[in-house]
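I opened my notebook for this chain and went through it one lookup at a time. Here are the entries, in the order I found handy.

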Amino acid sequence: MCYTINIGDNMKKTIHINLKSESDLIDKYNENIVSNDLIEYILEQAHYINKKDELNVIIDKEFDKDTIGLIKIGLRNKELKIIRQNRYDNIRQIIFLLSGIICLTAYVFLDNIEVLNEILLIGGWILIGEAIEIQLFSDSQANRNKMIIKKILKSDFIENKKNKSL
C-alpha cells in the first residue's frame, strides 16, 4: 500500500510492505534471491512517484532474514534486465530502420515490377513504423522503470520486526 504525505512542494511517499513469512520474500526456487512478485509489487506501488518526491519503504516482517539487502539486490537485478532489454530493443530498432530504408530504396530503383514494388513500399514503411513504435512505447516505459528503481534504491528503508502471534 502506498501512502502520501504532503510536504510543501514535495510529496513524501511511503511504500508499505507486510511480509508474514520468508516465502513472501524469497524466490521459491532459490532462497538467496528475492521474489519477482515482491519486486513487481514495489514497482507497482512506486509507479506514481515523481523525481522530486521523497520516498520511504517500510517493511514489516515476522522473521529473521536480511530483507533490505535482498530487496535492493533484486531491484538492481531488475534494473540490469531493463538495461539489457533496452540494448536489445535498440538493436532491433536499427535493424528495422535499415531494413525499411533498404526496402524503400529498392522500391525507387525497381520500376518495372509492379507487385514487387508495392510489397517493397508497404514493407519498408511497416519496418520503419515498427522502429518508431519501439522508440515511443518500449523505450519510454523502460526509462520510467529505471527512474523508479533508482528512486527506490536511494530511498530510506525501515525494517520493523513483529513478533509472531501465538
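**Entry 1: a charged pair**

Which residue forms a salt bridge with D53? I looked it up, keeping in mind that this is a predicted model. The partner is K13, and the closest N and O atoms of the pair are 3.5 Å apart. I then checked where the two sit: D53 is in the loop between helix 2 (36-45) and strand 3, while K13 belongs to strand 2 (residues 10-19), so the bridge ties together parts that are 40 residues apart in sequence.

Are these two charged residues buried or exposed? D53 has 4% relative accessibility, so I filed it as buried. K13 comes out at 10% and counts as buried as well.

I also ran the search over the whole structure, and it returned seven salt bridges.

**Entry 2: K61 and its surroundings**

Next I went to K61, which lies in strand 3 (residues 54-61). Its relative accessible area is 5%, so I noted it as buried.

Which residue does K61 meet in a salt bridge? I found E159, with the closest N and O atoms 3.4 Å apart. This pair links distant parts of the chain, since K61 is in strand 3 and E159 in strand 4 (residues 156-161), 98 residues apart. E159 has a relative accessible area of 33%, so I wrote it down as partly exposed, whereas K61 is buried.

The side chain of K61 has another polar partner on my list: it reaches the backbone oxygen of K65 at 2.6 Å. I then asked what K61 is in contact with once its neighbours within four places in sequence are left aside. My list reads L19, T67, E159, N160, K161 and K162.

**Entry 3: D64, in the loop**

I moved along to D64, in the loop between strand 3 and helix 3. Its relative accessibility is 69%, so this one counts as exposed. Its side chain makes a polar contact with the side chain of K161, at 3.3 Å. K161 had already turned up among the contacts of K61, so I marked it in the margin.

I also took a C-alpha distance here: D64 and S21 are 43 residues apart along the chain, and their C-alpha atoms are separated by 9.6 Å.

**Entry 4: helix 3, end to end**

How many residues does helix 3 have? I counted 43, with 63 Å from the first C-alpha to the last, close to the 63 Å expected at 1.5 Å a residue. The helix covers residues 67-109. At its start, I found a side-chain oxygen of D66 reaching to within 3.3 Å of the backbone nitrogen of G69.

Further along I stopped at D89 and R92, whose side chains meet in a salt bridge at 3.3 Å, N to O. Both lie in helix 3, three residues apart, about one turn of the helix. The spacing fits what I remember: an α-helix has 3.6 residues a turn, so residues three or four places apart point the same way. D89 is buried, because its relative accessibility is 6%, and R92 counts as partly exposed at 25%. I followed the bridge outward and found that D89, R92 and E130 are linked in a network of salt bridges.

N86 is in helix 3 too. With 11% relative accessibility, N86 counts as buried. Leaving aside neighbours within four places in sequence, I have N86 in contact with D139, N143 and K146.

**Entry 5: a nonpolar patch**

Which residues form a nonpolar patch on the surface? I listed I94, L97, L98, I101 and I102, which together have about 470 Å² of accessible area. I picked out I102, found in helix 3. At 57% relative accessibility, above the 50% cut-off, I102 counts as exposed.

**Entry 6: helix 4**

My last stop was V115, in helix 4 (residues 114-154). V115 has a relative accessible area of 63%, so I noted it as exposed. How far apart in space are V115 and K154? I got 58 Å, C-alpha to C-alpha, for two residues 39 apart in sequence.

Notes
Residues numbered from 1 in each chain as written. Predicted model: local features only at pLDDT ≥ 70, side-chain atom pairs only at ≥ 80, totals over all residues. Heavy atoms only, no water. Patch = residues over 30% accessible without salt bridge, like charges linked within 9 Å, V, L, I, M, F, W, Y side chains within 5 Å. Areas by Shrake-Rupley, 256 points an atom, 1.4 Å probe, with all protein chains shown as cover. Salt bridge = Lys/Arg side-chain N within 4 Å of Asp/Glu carboxyl O. Helix = DSSP H or I, 4+ residues; strand = E, 2+ residues; numbered from the N terminus. Buried < 20%, exposed > 50% of the residue type's maximum accessible area, 1.4 Å probe, protein only. Polar contact = N/O pair within 3.5 Å; in protein donor to acceptor, adjacent residues only side chain to side chain. Contact = heavy atoms within 4.5 Å. Expected span 1.5 Å × (residues − 1).
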